[in-house]
Amino acid sequence: MSARDDIFANIRRSLGIKGSETIRQQIVADRLERAPKGVIPKRGQVAGEERIALFKTMVETALATVTEVASPAEVPQSIALFLRNHNLPATLRMGDDPRLKAMPWSETALEIAHGPSEGRDLNAVSHAFGGIAESGTLAMVSGPENPSTLNFLPDNHIIVVSAKDIASDYESVWNRVRFAYGKGAMPRTVNWITGPSRSGDIEQTLLLGAHGPRRLHVIVVCD
């Protein structure tokens with residue numbers, strides 16, 4: 001027996017059970033299936049344009065920048081303008097997300113690279129699984145479509161999110177992740193990104209880019 005097996009055997013013995021009782025197994029299954037919800041903050045419980053407005057406000061409160069475009073076709077030009085306005089090179093790395101690949105990048109002068117980052121990329125773009133209005137957070141699921149390295153290694157991270165995917169709260173997005181992937185097929189990692197990387201550990205002085213991108217720009221697609 002492993003140490004884990006030994007611990008569980010001791011627990012069962014102290015409770016006077018074997019662990020195979022049908023009623024106990026059903027209770028556990030029901031608990032997992034219908035887990036009670038915790039307290040959800042009221043701030044994000046808005047809908048429509050009010051929810052989008054709250055999301056944008058919270059993104060900016062977290063020291064990121066945000067802009068809206070009317071359709072996915074406008075994203076490449078919006079990114080090119082963002083890079084130009086910040087005097088950044090016209091280079092961009094992305095994963096294999098079909099939503100990004102379908103955008104008209106050839107209409108810009110951007111030099112596009114694909115795949116995970118090895119730490120030498122200055123700019124990257126990812127597509128969020130969803131957004132959370134209550135905090136301005138982006139939910140990023142790992143995989144070849146949007147490699148997690150793009151969330152942390154480049155200095156400047158641009159995240160595209162569809163307005164229809166912006167939810168009120170974290171719980172709603174977690175439910176969507178579970179529904180989209182299902183049991184046994186969940187993404188290996190779900191990263192929650194709120195603003196650029198920062199730290200105040202040294203003399204309580206805020207430093208951007210401490211553990212990841214020093215600049216985060218969010219593009220909300222309102223199509």
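This is a short tour of the salt bridges in the structure, one stop at a time. The model you have open is a predicted one, and it holds 8 salt bridges in total, among them the ones visited below.

Begin by selecting Asp-30 and Arg-34, whose side chains meet in a salt bridge with an N to O distance of 3.5 Å. If you colour by accessibility, Asp-30 should appear as partly exposed, at a relative accessible area of 29%, whereas Arg-34 is exposed, at 60%.

Next, select Asp-97 together with Arg-99, and display the side chains of both residues. Here the closest N and O atoms of the salt bridge are 2.7 Å apart. Which of the two partners is buried, and which is partly exposed? Asp-97 counts as buried because its relative accessibility is 2%, under the 20% cut-off, while Arg-99, at 38% relative accessibility, counts as partly exposed.

Move on to Glu-118 and Arg-120, which also form a salt bridge, with 2.7 Å between the closest N and O atoms. Both ends of this pair can be checked in turn on a surface view: Arg-120 is exposed, with a relative accessible area of 69%, and Glu-118 is likewise exposed, with a relative accessible area of 63%.

For the last stop, select Lys-164, Asp-165 and Arg-176 together, and show their side chains in one view. Rather than standing as an isolated pair, these three residues are linked in a network of salt bridges.

Terms used. Residues are numbered from 1 along each chain as its sequence is written. This is a predicted model: local features need pLDDT of at least 70, side-chain atom pairs count only at pLDDT 80 or more; totals for chains, interfaces and linings use all residues. Side-chain values use heavy atoms; hydrogens and water are left out. A salt bridge is a side-chain nitrogen of Lys or Arg within 4 Å of a carboxyl oxygen of Asp or Glu. Buried means under 20% relative accessible area, exposed over 50%, partly exposed in between (1.4 Å probe, protein chains only).
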